[in-house]
Amino acid sequence: MNDSTANTVTPMLHFGWFVGHGFGVQGWGTPGYGIGYDWKKPAPYQHAVREFERAGLDLFIIEDSLTVPDTYGGSAEVSLAQASFAPKHDPLALVPYLLSATEHLGIVPTISASFYPPFTAARLLATLQHFSHGQLGWNVVTSGSDLAAQNYGLDQQIEHDLRYEKAEEFVDVVRKLWRSWEPDAILEDARAGIFADHTKVRPIHHDGEFFKVRGPLNTAPLPEEPVLVQAGASPRGKAFAGANADVAIALARGVDGMKAYRDSIRAEAAGAGRNPDDVKVLFVLKPTVTGSRAEAEELRAARRELTQRDIDSQLNSISYLSVIDFKQFDLDAPLPELSTNSNQGTLEHFSKAAPPGSTLRQILQARSGGAGDSIIGTAEEIADYLEETGAAVGGDGFLFSGFVDPATIHGVLDRLAPVLRRRGLLRTSYGDGGFRRNLLDF
């Protein structure tokens, strides 16, 4: 069993790692890139998950997207020059390599409810879960990109809230398919000549607004369903997460904003008839660990001095995620009020990185200097923040965001994990009940 019950002073927190922005050429162009790293092979990702498990993290989420972004300035130049969002491997193909390298860490690939057929998703995830040690999760997303929609035969993505209606049905169908075999359907009775009892394997006959699926699934019954992870920031997204997710992830936005978000997810879960404690809310945080306070301040100041690459990188990213071309805006004029049919929470988080009325350049400087979902400091300073914020918010933990090249993960974990462990914030062992049980340990 996990030894968290021995900790009576500070509540233990869950920690994970989120790889976003580009799953493929991880860390290209950064100082540590190329040190023991070949992005075309699975070995660096296997090294990363071994380090995550060694440190005591609970999960590793692999983000995904389905296009080469060209929203920023109407060109893919920045995306491809900086290896940002593209090239990107399919995360599902990597999962078996990661499972073979770990025993406890939750491995969470992304599947889009907007484009995957639910039968295909259910079958893939069931197969991977059978081959895992109960380690599999699935990050279900509602793709907001018009560019991605155009890769799947649409002119543009469907309306924001309607995407969540589709995702609700998607999850419902996947779960029905997983449950189309009763747990004891397989008999393996060689003497009677019966492998499976046909009366315990049934079609689901789902006929809904978005999907029509006969079933049953043609894989074996699951001993345990994968952990569902979801990031919903809009009112409709939070309702979806509260009703369905085992883990809800969100961008950090101050203690008050984080507490309000967690409270809203827990309220949605209770409203859906669930135990709110069964939903773990993790806030995304990008830590940079320095050796001293002076080094941290120097780094913050240096990052506020934006280069053209910094500007292009940030604006290319938010342009893609919001489907708004940010190249049209004057850097030294206040950012106008904006709305989107795409990632509404991400756009709001970006816009509020600096005080109201700030110019676009000031927003970028604030983000680069460690505002919002970024934090720069010594291991002790970052641990202070995590401990104090975790207590003020009420739990449940944090999801570190960053590249998975060795320089990045060792730069964070080698310094920070021992401090967190010493304070009783980070687990020192895993139970034997799998990913889901680990999440419910505390």
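How many cavities of 30 Å³ or more does the structure hold? The structure holds one, with a volume of about 30 Å³. A cavity here is a set of points on a 1 Å grid over the protein atoms alone where a 1.4 Å probe fits but cannot get out, and lining residues have an atom within 4 Å of a point. Its volume is the space filled by probe spheres set on the points, which are joined across faces, edges and corners. The lining is made up of Ser114, Phe115, Leu154, Gln157, Ile158, Arg163 and Lys166.

A word on the model: it is predicted, with local features needing pLDDT of at least 70 and side-chain atom pairs pLDDT 80 or more, while totals for chains, interfaces and linings use all residues. Residues are numbered from 1 along each chain as its sequence is written, and side-chain values use heavy atoms, without hydrogens and water.

Now to strand 11 (strands are DSSP E runs of at least two residues, helices H or I runs of at least four, numbered from the N terminus). This strand is largely enclosed by the rest of the structure, because 10 of its 11 residues, 280–290, are buried (under 20% relative accessible area, 1.4 Å probe, protein chains only). Its parallel pairings (at least two DSSP bridges between two strands) are these:

| Partner of strand 11 | Bridges |
|---|---|
| Strand 10 (residues 247–251) | five bridges |
| Strand 12 (residues 374–378) | five bridges |
| Strand 13 (residues 397–401) | four bridges |

Val247 has Lys280 as its bridge partner, Thr290 stands opposite Thr378, and Leu282 stands opposite Gly397.

Terms used
On a 1 Å grid over the protein atoms alone, a cavity is a set of points where a 1.4 Å probe fits but cannot get out, and a pocket is an open set with protein on both sides within 12 Å along at least five of seven lines; lining residues have an atom within 4 Å of a point. Buried means under 20% relative accessible area, exposed over 50%, partly exposed in between (1.4 Å probe, protein chains only).
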